[in-house]
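Reader: I would like to learn how labels get attached to side chains. Could you take me through some examples?

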Amino acid sequence: MSYKIAVLKGDGIGPDVVDCTIGILNKVAAENGTVFEYNEGLIGGIAIDETGVPLPVDTIEICKKSDAVLLGAVGGAVGGSKWDNPDGNLRPEAGLLGIRKELGLFANLRPAVIYPALKEASPLKPEIVGDGIDILVVRELTGGIYFGEKFSGDDYAYDQMKYSVEEVRRIARVAFDAAMKRNKKVTSVEKANVLEVSRLWRKVVLEIAKEYPEVELVHMYVDNAAMQLIKDPHQFDVIVTGNMFGDILSDEAAMITGSIGMLASASLSEGTMGLYEPVHGSAPDIAGKDIANPIATILSSAMMLRYSLEMPEAADSIETAVNRVLGEGYRTADIAKDGDSIVGTVKMGEKIMKYL
Ligand code: NAD
């Protein structure tokens, strides 16, 4: 089998963490008799430096011809970067928004995982964390209130929150499909006691649920979901929700893990195409110093194997290897405490590779 992977390293620590991840993918390929063909494209600040725009046409073409996209991060130092520009279309972040739009990425998947070895990093009480937490937030990314009609007048302003049946159907299917690969429970989060759009959302999710009789479906209002995530996170497996509620809940779920360098994400379009990237930014303060935590990107590549490349066992093996390396006390500086063995980016990659 052979797959084409577009590689967009971007800025700051992007190249550090992506290079490390490619080492892991090469070993996965060798062990599975698979060929990964990598094609690099420019995005973000480096693309501005070399071509004048944050998302060159070449990059879009490389991505569209690929089976999946692996992305590092874009952007310069906050509040003082050579790429700061009053024209928003010429800033590094515009590259990211542009590629999401070009690829029609409508589903954002963000796992919030607390590994047993990193339990102390969670701001939650140990008795609530228990042996670890594993939640997947599936957020609709291209509809809802962020993309509805807008109006701003002298006396009032509004943003319209709108979802079509088809938009809800396709995000619900992503969530149920993901639940089938996990613990077979979906919590659909909305505000159906107040919002018409949420009542439609609930009706459509119920209809899709009939296609997945093995999956348990729970409906929850968003205000309650925000509380339950803190009070009893173990009740969740997959959370599916709209754009704005998902924006807020995915950050809340991420924070209960306590480690930005560990958070992976996937954005999916129709079919199997997906873009995989760490949640963290380009961290210019530590770029090129071999100290960045590569695990968020490595775990993003595991999601790529699971959701775009039909290699779920290889995805499991990466996640298990990460768990074992953490269990042995190896840490990059951002997640280290007294007594841990601190390793750099490259060394962390090598340790994980050893356990694949
Ligand atoms: P950031 O995530 O880059 O960094 C926040 C803090 O976390 C920094 O102290 C950084 O050193 C640390 N950190 C982040 N990732 C780490 C890792 N893998 N290992 C160890 N430490 C890590 O956020 P920021 O400082 O607000 O933003 C920096 C730049 O990144 C900005 O230009 C911002 O626009 C951009 N950004 C890009 C993305 C993206 O590409 N998806 C996301 C967020 C921010």
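**Checking the labels**

Reader: Why is Phe 151 called partly exposed?

Author: Its relative accessibility is 34%, and buried means under 20% relative accessible area, exposed over 50%, partly exposed in between (1.4 Å probe, protein chains only). Phe 151 therefore counts as partly exposed. A word on the basis: this is a predicted model, where local features need pLDDT of at least 70, side-chain atom pairs count only at pLDDT 80 or more, and totals for chains, interfaces and linings use all residues. Residues are numbered from 1 along each chain as its sequence is written, and side-chain values use heavy atoms, with hydrogens and water left out.

Reader: What makes Tyr 156 exposed?

Author: Tyr 156 has 53% relative accessibility, so with exposed meaning over 50%, it earns that label.

Reader: How do you know that Glu 190 and Arg 202 form a salt bridge?

Author: The term asks for a side-chain nitrogen of Lys or Arg within 4 Å of a carboxyl oxygen of Asp or Glu. Between Glu 190 and Arg 202 the N to O distance is 2.7 Å, so the pair qualifies. In general, side chains of opposite charge can pair when their charged atoms come close.

Reader: And why is Glu 190 called buried?

Author: Glu 190 has a relative accessible area of 1%, so it falls under 20% and counts as buried. Its partner Arg 202, at 23%, is partly exposed.

Reader: What makes Glu 319 and Arg 306 a salt bridge?

Author: Their N to O distance is 2.9 Å, so this pair also lies within 4 Å. Across the whole structure, a search finds 26 salt bridges.
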